[in-house]
Amino acid sequence: QLRTAGRQRVCQRMSLSFGEGFAICPRFLAAATARALREDACMCERLSRAARVGNPRHASSDVVEAIRTSRMTPLLPPPPTSVGSVNVRTAFADTMRALCDQLNESDLDFLPSPLQRFQTELAYLYYEQGGYYRRHVDVPSQCGGWTRCGRRDEDGGSFSGFELRRAISFLVYLNEDWRDSDGGCLRIYNGADDECYLDVRPEAGTLVMFRSDTVSHEVLTTNRRRQCIVGWFRIARQRSAWGGEEPIAELV
């Protein structure tokens with residue numbers, strides 16, 4: 001798990017990187033922890049489904065192989081306890097909630113706040129050899145990326161007045177001994193310029209965090225099977241009866 005000093009180091013690095021809106025933290029996880037998560041990811045892979053493009057609550061969501069070829073196993077809500085290691089998954093979820101708390105306490109000006117520790121999205125993400133995800137931003141333009149909490153009318157109609165939106169995207173890589181020839185780097189762009197970017201090699205234990213609404217990125221074609229954990233810290237707001245919005249301190 002992530003120690004307090006490690007959380008402080010993450011926040012310090014993110015503070016130094018805020019101009020670009022992202023942070024890269026090698027050795028965020030110990031090698032043994034990353035290995036245990038990768039083993040669990042492999043055991044959970046049979047539960048995976050094709051990853052979508054866009055926000056799954058919106059009608060525009062679809063599996064579009066021209067844009068993305070990967071599979072995903074959601075971790076929140078968790079997989080069945082009969083699959084893989086519950087303890088490994090629980091420890092990692094606790095680590096990320098602790099990081100969410102630390103980010104909220106850091107009071108960094110560029111961070112959307114407050115991040116909702118109990119509304120985090122989390123999943124194992126799998127790319128087969130030849131997989132990719134073309135350039136995109138994680139917050140869709142439709143509805144400003146906000147999704148209503150509750151069920152749709154056709155599912156019983158229990159929507160609440162709360163809405164959630166992705167704020168900070170994060171990736172934790174699980175593959176050891178990754179080489180440049182393996183491809184599969186995360187390419188982070190600086191603005192709209194196609195020629196101004198940073199490539200991040202998906203080495204086990206590395207954490208990458210970035211603003212979900214502003215940082216354009218892609219996964220380059222991988223020449224080797226690739227596993228990682230993907231997630232989003234989200235923010236919440238309450239929509240009033242007269243159409244105004246106000247942020248929510250903590251939505252549980």
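Strands β8 and β11 pair in the antiparallel sense, with five bridges between them. In this predicted model, Phe170 of the pair has Met209 in β11 as its bridge partner. Strand β11 also pairs with β1 (residues 22-25), again antiparallel, this time over four bridges. Within that second pairing, Cys25 stands opposite Leu207 in β11. Five of the five residues of β11 are buried, so the strand is largely enclosed by the rest of the structure. A general point helps when following such strands by eye: in a regular strand, the side chains alternate between the two faces of the sheet.

Leu207 also leads into the interior of the protein. It is one of the residues with the most contacts inside the largest nonpolar core, alongside Phe92, Leu99, Leu115, Tyr124, Ile229 and Phe233. This core has 32 residues. At least two of its residues come from each of α2 (31-44), α3 (86-106), β5 (116-127), β8 (162-173), β11 (207-211) and β13 (226-239). Helix α3 supplies the largest share, six residues. Apart from this core lies another, made up of 19 residues, including Leu171, Val200, Phe210 and Val230.

Phe233 gives a good view of the surroundings inside the largest core. With neighbours within four places in sequence left aside, Phe233 is in contact with Met96, Leu99, Cys100 and Leu103, among others. Its contacts also include Leu115 and Thr120. A further group of partners consists of Arg165, Arg166, Ala167, Ile168 and Phe170. Phe170 is thus met twice, as a contact of Phe233 and as the bridge partner of Met209.

Not every buried position is nonpolar in character, and Asp40 is worth a look here. This residue is found in helix α2. Asp40 counts as buried because its relative accessible area is 0%, and buried means under 20%. Its side chain is joined to that of Arg89 by a polar contact of 2.9 Å. Beyond its neighbours within four places in sequence, Asp40 is in contact with Gly84, Ser85, Val88, Arg89 and Tyr124. Tyr124 is also among the residues with the most contacts inside the largest nonpolar core.

A further set of strands can be traced in order. Five strands form an open sheet, β3-β6-β12-β9-β10, with antiparallel pairing. β3 and β10 (197-200) stand at its edges, each with a single partner strand, so one side of each is left without a neighbour in the sheet. Starting from the β3 edge, β3 (residues 68-69) pairs with β6 (residues 132-136) over two bridges, and Arg68 has Tyr133 in β6 as its bridge partner. Next, β6 pairs with β12 (residues 217-219), also over two bridges, with His136 and His217 as bridge partners. At the other edge, four bridges join β9 (residues 186-189) to β10. There, Leu186 stands opposite Val200, and Val200 is also one of the residues of the 19-residue core.

Several loops show backbone features that are easy to pass over. The peptide bond from Leu76 to Pro77 is cis, with omega near 0°, and Pro77 is found in the loop between β4 (71-74) and α3. Cys143 has a positive phi, near 60°, in a residue other than glycine. Cys143 lies in the loop between β6 and β7 (147-148), and is exposed, with a relative accessible area of 53%. Asp177 likewise has a positive phi, of about 55°, although it is not a glycine. The loop between β8 and β9 is the place of Asp177, which is exposed at a relative accessible area of 63%.

Cysteines invite a question of their own: how many disulfides does the structure hold? The number is zero. Cys185 counts as buried at 15% relative accessibility, whereas Cys196, at 31%, counts as partly exposed.

The picture closes with the chain as a whole. The protein chain contains three helices and 14 strands. Of its 252 residues, 47% are buried. Among contacts between residues at least 6 apart in sequence, 77% join residues at least 24 apart. The chain exposes about 12,500 Å², of which carbon and sulfur atoms supply 48%.

Conventions. Residues are numbered from 1 along each chain as its sequence is written. This is a predicted model: local features need pLDDT of at least 70, side-chain atom pairs count only at pLDDT 80 or more; totals for chains, interfaces and linings use all residues. Side-chain values use heavy atoms; hydrogens and water are left out. A disulfide is a pair of cysteine sulfur atoms within 2.5 Å. Buried means under 20% relative accessible area, exposed over 50%, partly exposed in between (1.4 Å probe, protein chains only). A nonpolar core is a set of buried Ala, Val, Leu, Ile, Met, Phe, Trp, Tyr and Cys residues joined through side-chain atoms within 4.5 Å. Contact means heavy atoms within 4.5 Å. A polar contact is a pair of N or O atoms within 3.5 Å; within protein, one must be able to donate a hydrogen and the other to accept it, and residues adjacent in sequence count only if both atoms are side-chain atoms. Accessible areas come from the Shrake-Rupley method with a 1.4 Å probe; for residues, only the protein chains shown count as cover. Two strands pair if DSSP finds at least two bridges between them.
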